[in-house]
Amino acid sequence: MKKIREHIFSNKISEIIFIAFTALNILGFCMGEIPFIIICVTGLWISNLIFCFVNIKERILYFWLQVTIGVFLIGRPLLNTIENKRWWNVEWLGEDSVYTALLIIAISLWSMHVGALLISCLKAKGKSKAVIKSEPADRKEKREAFRKNMQVISMLMYYATAFFFVIAGFEKVLFVHSHSYLEYYSEFTSHLPGIVPIAASLMNYSLCMFLATFPAKRRTFCALFLFEITAVFDLVVGVRGPIVLHSVFILVYYLLRDFLGDKEKWIGKIEKGLLAVCTPSMLIFMTAYAYIRSGLRVLDANPFNLIKGFFVSQGVTFEVVARGITVQNQLPQRAVRNYTFGSFIDYIVHGRAGQLLFGTEALPSGNNVINGTQSNSLAHNLSYVTRGKEYLQGKGWGSSYVLENYIDFGIAGVVLFSLILGMLLVLFTHLLKKNLLLDTIILVSLLNIFYIPRAEATGWLTFIITIQFWFCMACCYIGTATVIKVPVLERIFDKMKLLPPPDVKIKSESKIHVFINRYKLKKYVIALSGVIVLGCGLLYYRQTANKLEGELQTSLQTKGAEYAGRRVSFEVNVKNGNGEYEYKFSEVFNGKRKTIQEYSSDNKYVFIIDNVGDHVYYVDFKDSDGKKGTLSYTIKVTKRPNS
């Protein structure tokens, strides 16, 4: 089996598969059949994954970008195609736009592969001719002393700035406690003293500088654990992206430390076990949380459907790409408009320097008319053009690097950007451990680069021109130089045991592994895991067995839509159960839930709809045996047109 796997993941087989799927994609786009094209593009994406596994240590960063491309741009159309749905045949999308979206995704995948392959070949050729040069002992000693002191300074700065980040996080949580998460996007404004958000903005930079010194595993774990905790504030607010990005960054850093030949073992059995358990759990939670943050209920508790729902919900980015292609001529037109480098342009023109040099005003935060019409953010411009008032209420579409490249520079832009991106992702792994500042820049880039399939094309690199980043770097370097120049400070660090030890002693097995092996706990851990899985299965079966089924009938003439001021009636008919049914009606609007009719024997509810927006109605019903069921119905209420 191992030989077969090694044979499949070999250079020659990998490139044969890539060439075969390239030819198949050409055929697919010539034929023009959407379902066949999706299968061809998926095959090209799979060939990129196989290419990663040929040399996973070198291409680990490239691999993770392929994963996010699969989640955001390929998963949803593929699942819909497998289910034989004609999802692209809708009025607002257009088959031509879907065709173009698939084309630029395929071109991006192909160009990335070529870029990554080019760097791999150049590095392999250079490695064979490389001459190992020995570094003078005194220079090596000075460099090591600088690294150790930099580790302490950056660590202290990280924990200090994290304190301010937590304060800013609590302010967000307090706001959402009395508002909906949509109102957070459109109305939230910080009222904290200016020093708090400024210091909080330095947290990620100081963390990456600390990680660039390659600290020991225990010290790294404490820092990254706090980093993961800080994402919980955004999660409570209703923003899921940060905790996913933080988790991916932590995993990637652990993998890099293992692959770069670190003395310690970073991905052991415990880490692999946690990864195996946490990955599906996070997929399930993220899908469920999409409902919870809006005040809605998760009506389907099937974990497999929730995992599928994750890919379907995140895959909306593909439709965003197609929608953007459809309305690209309706986007705001200005003398200078560029989405690919939009974050750079907006920072330069509307940042502190731009305000002084050009007399411009700072762009406000959140969803508003100014960002929707005057910024170089495609996420804001596209959402404003297509969603209008919904955008101003906090809803949006996001963006994608392929869409921004295509709108700005056409097919040539997609090719060039993806080619460079593929080259950089492989080059980064070769550049690590060469220079502290360069390592920091690479690590900061990795915080957001994997998100570009549904975000700005170059947003992950904007930090390079910000005052905050260079101020943080200056503080770390000046602080380190001061400690070296003033030996008493270094002795204080040494007495406080802040300096890393000269050599990390590596034990063959950790205390946890020794404990598990000594008391032969492996089989008990496996048995306990089996019991947990079986218990979850029985719990789900019990919930399903005790679930009532019903049918909700409405008086609406148009499904799910009505004008404000109209009279609507609901009637519930239960299909299975034992007599004496009781019914409760409730409503969710703007993330706030209220009960509109308590449990009673009345299976009908009549009301007048008002308040423009999406209203979600729930009907809970139960029988005399304790079986329960829930139905939901969404009504999009619009303003009555003037007669």
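**Close-up 1. Strands β4 and β7 pair in the antiparallel sense.** This view comes from a predicted model. Strand β4 covers residues 582-589. Eight bridges join β4 to β7. One place to look is Y583, which stands opposite F621 in β7. Is β7 largely enclosed or not, and why? Strand β7 runs over residues 613-622, and eight of its ten residues are buried, so the rest of the structure largely encloses the strand. Buried here stands for under 20% relative accessible area.

**Close-up 2. Strands β7 and β8 form a hairpin.** Strand β8 spans residues 628-638. Ten bridges hold the pairing of β7 and β8, again in the antiparallel sense. Find K622 and then K628 in β8: the two stand opposite each other. How many residues lie between the two strands of the hairpin? Five residues do. One residue in the turn to pick out is G626, with a positive phi of about 90 degrees.

**Close-up 3. A salt bridge ties strand β8 to helix α19.** The partners are K636 and E390. Their closest N and O atoms are 2.5 Å apart. K636 sits in β8, while E390 belongs to helix α19 (residues 389-392). The two are 246 residues apart, so this pair links distant parts of the chain. R387 joins in as well: salt bridges with shared partners make one network of R387, E390 and K636. K636 has 34% relative accessibility and counts as partly exposed.

**Close-up 4. Helix α22 has a buried face.** The helix takes in residues 467-485, 19 in number. From first C-alpha to last, α22 reaches 26 Å. That is close to the 27 Å expected at 1.5 Å a residue. Which residues of α22 are buried? They are F469, C472, M473, C476, G479, T480 and V483. Seen down the helix axis, the buried residues of α22 fall within an arc of 135 degrees, so they line one face. Now turn to the face directed away from the buried side. Here α22 carries the exposed residues I467, I478 and K485.

**Close-up 5. Helix α10 holds V236, part of a nonpolar surface patch.** The helix covers residues 217-237. F221, F225, I229, V232 and V236 make the patch, which is about 440 Å². V236 is partly exposed, with a relative accessible area of 43%.

**Close-up 6. D234 and K172 form a salt bridge.** The closest N and O atoms of this pair are 3.4 Å apart. D234 lies in helix α10, and K172 lies in helix α6 (residues 137-177). With their positions 62 residues apart in sequence, the pair links distant parts of the chain. Are D234 and K172 buried or exposed? Both are buried.

**Close-up 7. K85 and E83 meet through their side chains.** The contact is a salt bridge, 3.0 Å from N to O. It is one of nine salt bridges in the structure. K85 is partly exposed, at 43% relative accessibility. E83 is partly exposed too, with a relative accessible area of 32%.

**Close-up 8. K308 and R76 are 9.2 Å apart in space.** That distance runs from C-alpha to C-alpha. In sequence, K308 and R76 are 232 residues apart. K308 is found in helix α13 (residues 303-314). Its relative accessible area is 33%, and K308 is partly exposed.

Methods:
Residues are numbered from 1 along each chain as its sequence is written. This is a predicted model: local features need pLDDT of at least 70, side-chain atom pairs count only at pLDDT 80 or more; totals for chains, interfaces and linings use all residues. Side-chain values use heavy atoms; hydrogens and water are left out. Buried means under 20% relative accessible area, exposed over 50%, partly exposed in between (1.4 Å probe, protein chains only). Helices (H or I, at least four residues) and strands (E, at least two) are DSSP runs, numbered from the N terminus. Two strands pair if DSSP finds at least two bridges between them. The expected span of a helix is 1.5 Å times one less than its number of residues. The arc is that of the directions from the helix axis to the C-beta atoms. Patches are made of residues with over 30% relative accessible area and no salt bridge: like charges are joined within 9 Å, nonpolar side chains (Val, Leu, Ile, Met, Phe, Trp, Tyr) within 5 Å. Accessible areas come from the Shrake-Rupley method with a 1.4 Å probe; for residues, only the protein chains shown count as cover. A salt bridge is a side-chain nitrogen of Lys or Arg within 4 Å of a carboxyl oxygen of Asp or Glu.
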